[in-house]
Amino acid sequence: MRGVVGPLGQRDGIDAVRVRLPAGDWATLRDHLVERYARVIGVARVDAMLAEGAFVGADGRSVTGGEPYAAGRSLWFHREFPPETPVPFEVGIVHLDERIVVADKPHFLATTPRGRHVTETALARLRRDLGLPRLQPAHRLDRLTAGLVLFVVRPEDRGAYQTLFRDRRVRKEYEALAPYAPGPAAVTVRSHIVKERGVLTAYEVPGAEPNSESRIERVERRGDLARYRLVPETGRTHQLRVHMSALGVPILDDPLYPVVREDGPEDHGRPLRLLARALEFTDPFGGSPVRFESRLRLAWPG
């Protein structure tokens with residue numbers, strides 16, 4: 001389905017859904033759409049969407065439920081999303097050119113649509129605000145982490161930037177606020193981290209071959225707290241949060257490590273004190289070394 005340009009533009013920064021009609025013996029389009037979607041949205045809603053002209057063909061014209069079914073045909077429609085709680089922070093722009101956008105993602109905002117976060121995501125906002133409907137991320141940043149995310153303006157350039165991240169040719173630098181711990185100002189942590197699908201937290205497997213590595217440096221102390229520079233050499237899910245917790249200095253206001261916080265409304269005044277501070281790499285097109293730094297700052301509590 002990649003490369004097929006549909007007749008419907010984006011809505012709130014989100015692409016329309018393409019439906020490819022499979023082989024089958026349905027008599028009409030309605031028969032197939034009811035069987036396909038009624039369990040999710042109900043028969044009445046399928047009929048209402050047909051009546052509203054929500055399903056369109058390749059020519060952009062609305063289809064009717066009584067049309068004969070034709071396998072191989074494509075239809076498009078816009079999904080309906082439940083209301084989302086707005087994230088009350090702006091997405092900053094650190095750099096913008098014809099190939100890339102380097103954005104400062106705020107805490108609590110997902111990078112890309114997933115689960116219950118769809119329109120309230122950095123990707124959807126940037127597509128709308130910048131008028132760049134083909135914008136795509138080259139990598140992802142956890143929803144609760146703030147800081148730099150690199151987006152690619154043109155789909156044909158995306159692979160080159162994704163390859164940089166895949167091959168670990170991007171130096172990432174993070175900053176965190178956590179309890180002060182006496183001892184060496186800098187340590188390297190290596191461990192085997194596992195993140196199971198559907199489980200909120202990742203965990204370390206003692207004695208297993210390390211698959212993660214983080215350099216952790218204490219750069220400032222304020223009483224019982226400290227500011228740390230974190231440089232991950234690998235990119236395991238929640239890696240920095242797991243390693244900081246394992247050292248006995250969990251990142252401030254982390255809702256998962258070392259203890260999972262009870263589910264409830266998010267407090268936007270208590271973000272995870274973790275910031276993706278810098279991205280550094282050699283541009284795959286110009287061949288020049290580049291470094292981008294976040295304009296966000298972590299707030300000390302109190």
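In this predicted model, helix 2 is followed by glycine 53, a residue whose phi is positive, near 75 degrees.

Within helix 2 itself, Val46, Met49 and Leu50 are buried. Seen down the axis of helix 2, these buried residues fall within an arc of 100 degrees, and they therefore line one face of the helix. It helps to recall here that an α-helix has 3.6 residues a turn, so residues three or four places apart point the same way. On the other side of helix 2, by contrast, Ala44, Ala51 and Glu52 are exposed. The cover over the buried residues of helix 2 includes helix 1 and strand 2, the latter spanning 74-77.

The packing of the two helices can be described next. In general, two packed helices are described by the angle between their axes and the distance between the axes. The axes of helix 1 (residues 29-41) and helix 2 (residues 43-52) come within 7 Å of each other and cross at roughly 130 degrees. Because angles from 65 to 115 degrees count as roughly perpendicular and those over 145 as roughly antiparallel, helix 1 and helix 2 are oblique to each other. Their crossing, that of helix 1 and helix 2, is right-handed.

The residues that make this contact are set out by helix below.

| Helix | Residues in the contact |
|---|---|
| Helix 1 | Arg30, Leu33, Val34, Tyr37, Ala38 and Ile41 |
| Helix 2 | Val43, Arg45, Val46, Asp47, Met49 and Leu50 |

Sorted by character, the residues of the contact of helix 1 with helix 2 comprise nine nonpolar, no polar and three charged. Val46, Met49 and Leu50 take part in this contact, and these residues of helix 2 are buried.

Methods. Residues numbered from 1 in each chain as written. Predicted model: local features only at pLDDT ≥ 70, side-chain atom pairs only at ≥ 80, totals over all residues. Heavy atoms only, no water. Axes fitted to C-alpha atoms, helices over the stretch in contact; angles between N-to-C directions. Helix = DSSP H or I, 4+ residues; strand = E, 2+ residues; numbered from the N terminus. Parallel < 35°, antiparallel > 145°, perpendicular 65-115°, else oblique. Left-handed = near helix turned anticlockwise from the far one by under 90°. Contact = heavy atoms within 4.5 Å. Nonpolar A, V, L, I, M, F, W, Y, C, P; charged D, E, K, R; others polar. Buried < 20%, exposed > 50% of the residue type's maximum accessible area, 1.4 Å probe, protein only. Arc of directions from axis to C-beta.
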